Amino acid sequence: MSVPVTGRASADTGESAWHPAWLPPAAFRELGSRPVLVHGDGPLVDTVLDEVSRACARYGGRLWHGPPWQVDVDLVLALRAAGPVPNAAAEAARLGATPAVNGTGDGSLGDEGYLLARVSGVTVVLADAPGGLLYGMFHVLRLGAAAFDDDLPARRHRPALDRRMLDHWDNVAVHPVSGQVERGYAGGSLFWRDGAARHEPARLRDYGRLLAACGVNAVCVNNVNVHDTEARLLTDRLGDVAEIADVLRPYGVRVHLSVTFAAPVVLGGLPTADPLDERVRAWWAAATRRVYQRIGDFGGYLVKADSEGRPGPFAYGRDHADGANLLAEALAPHGGVVHWRAFVYDHHQDWRDRSTDRARAAHDHFAPLDGRFDDNVILQVKFGPIDFQAREPVSPVLAAMPATRVAVELQATQEYTGQQRHVCYLGPWWSEVLRFRLRGAAGGTIADVAAGRAGTGGGLVAVANVGDDPFWTGHPLAQANLYAFGRLAWDPRLDPGAILDEWIDLTWLPVTTDDPEPVRRTMHAIMDDSWRTYERYTAPLGVGFMVRPGHHYGPDVDGYEYTPWGTYHFADRDGLGVDRTRATGTGFTGQYPPPWSEVYESRERCPDELLLFFHHVPYRHVLHSGRTVIQHIYDTHFAGVEEVAAMRERWRLVAGAVDPAVHDRVAERLDEQFRSAVEWRDQINTYFFRKSGVPDAHGRRIH
């Protein structure tokens, strides 16, 4: 005889020491206050049962699992393969929802898809696999009370991208330059501390919940710059990786590992890492076999090779296809993939040599190799040709590799967009990138490249922005970037404003009133245009990289101008910008297919926001906006500071309407953002006033 499951309380039912982000207990109220029936079995179904049971224990609902269920229910979560539900009302709802699945395509929901419908007063989530049931449950949380509206239309949900991955740049041992987390702005690592594993499963479990709730299904747990200690994760420290995998597995998150290409030498004692050497191939095969013996669902390897000092196949006269295929061969018998980063360029350039162009490098290296990579190689390409700037064009590599599986890489950690000390909601920027059509209106989008043909693409990857900070991302508002990445990876067509609404409604539950509207309005006023605000007070018109060398925070117009890193602006007394045209410059525009090769080649047709990326122009060049370049620089930098001042004032007005600790952290970060924005404004405007000698048309103070 079945009994309701009402309170399988777990050890973490109480409040944790860290912010719940978009899964506060109140987000479970609508689900947890109702009678719920779960039909089916499996490890991820057990996760659904655990989540629902804890919600019911908190809010008074009832959970049923195990026949017979002759009870009234409001929500049914069922695997279709589990067969009929032995409850008349629930079975009628299940049967009523089924045609909505069968009437679409081949009638399959896939491993992660689900159908959500409201039938005869019962909300039904149907899935073909336990992963779909887990994602369907989290969608019910997103909808809240709307999930139980009788006019809820039946809708099938499947991820557009099979691979939705976060790369953690976390070091096991504290690195003397990059610290515990390279380009990390939210404290230490969730996985490692001072050379050892943290062994904190409760925090990792909550991290897995957050990832599953927004759609992320894979993580790489260590830095792409693999140092000596981190290299050993592949061999004698593999148990630490297995422990992380065990904690994240119940939320459908697979673990990947960054490895050094030189592992056969560093770890195996071989005299070479030549990818065509049989001894090297045998070493990788054996090492990989041991990984899968310990972690059966291991995702695969991430490799940064021949880039910024990392070892790679070039040392042996081989190319990147040779290197990637070596690891792909070792992974193939186990179903694993190798993510091979295309971030390869000469970082020992001569700044005097105008013919060398860092933007060209990835295309020059990889486009000739299209078609030579094994099927389980995923070429991981940064969305832009330089390095995650606040504005740069979409990388032409994304149009140049039709016979290669390609993943698009974004950066959630805000290395060049304020380092999580500045509000900078990146959802609109990422959405713009994913919707971009590299071959014009008739061509596919960048999201289509990531999806590939018949779901064989490399998916979407982001450099993670989380750490052990109580707010996960340091700046509480930076949580929105992690959430937006997961949702856009699930469905790149989603509106970033709607995604922000989801995040706000889940995360920012008002503490002094039942009306969430004032907080929602404030969040939108601060965040909707925050990426463009950041762009306004930093580097203008796509030129990029006017940051302090090394740590990359704050302005330094000439910081990289005479360095070997290949990131220049070439400002002189007459103008600024980089000539990347075919006619007179580096020829980079020729790497694009039409129509963009012609649009970017033309000074007249090039979009204003990218003008200085592609052209060196006079300060008095008139933009499409009608302003000159120099006046645009002055105006946008003054406007950006004013917008940050308005953000601070708006946030001050919601004091008392949100948790005081959260309010204080955001207020502190907004104070720093205002200080930094003023510094950016004054340094950029003063620099270009002194270069050009052109005064501000509005007579504002420039130092």
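Analyst: Relative accessible area sorts residues into three classes: buried is under 20%, exposed is over 50%, and partly exposed lies in between (1.4 Å probe, protein chains only). The model is predicted: local features need pLDDT of at least 70, side-chain atom pairs count only at pLDDT 80 or more, and totals for chains, interfaces and linings use all residues. Residues are numbered from 1 along each chain as its sequence is written, and side-chain values use heavy atoms, without hydrogens and water.

User: How many salt bridges does the rule count?

Analyst: Side chains of opposite charge can pair when their charged atoms come close. A salt bridge here is a side-chain nitrogen of Lys or Arg within 4 Å of a carboxyl oxygen of Asp or Glu. The count is 55.

User: How many residues apart in sequence are the parts that Arg205 and Asp50 tie together?

Analyst: Arg205 and Asp50 form a salt bridge, with closest N and O atoms 2.5 Å apart. Arg205 sits in helix α5 (residues 201-214) and Asp50 in helix α2 (residues 43-59), so the pair joins parts whose separation in sequence is 155 residues. Helices are DSSP runs of H or I, at least four residues, numbered from the N terminus. The separation, again, is 155 residues.

User: Is Asp50 buried or exposed?

Analyst: Its partner Arg205 has a relative accessible area of 17% and is buried. Asp50 has 16%, so the class is buried.

User: What is the relative accessible area of Arg548?

Analyst: Arg548 forms a salt bridge with Asp556, the closest N and O atoms being 3.3 Å apart. Arg548 is partly exposed, at 36%.

Note on methods:
Helix = DSSP H or I, 4+ residues; strand = E, 2+ residues; numbered from the N terminus.
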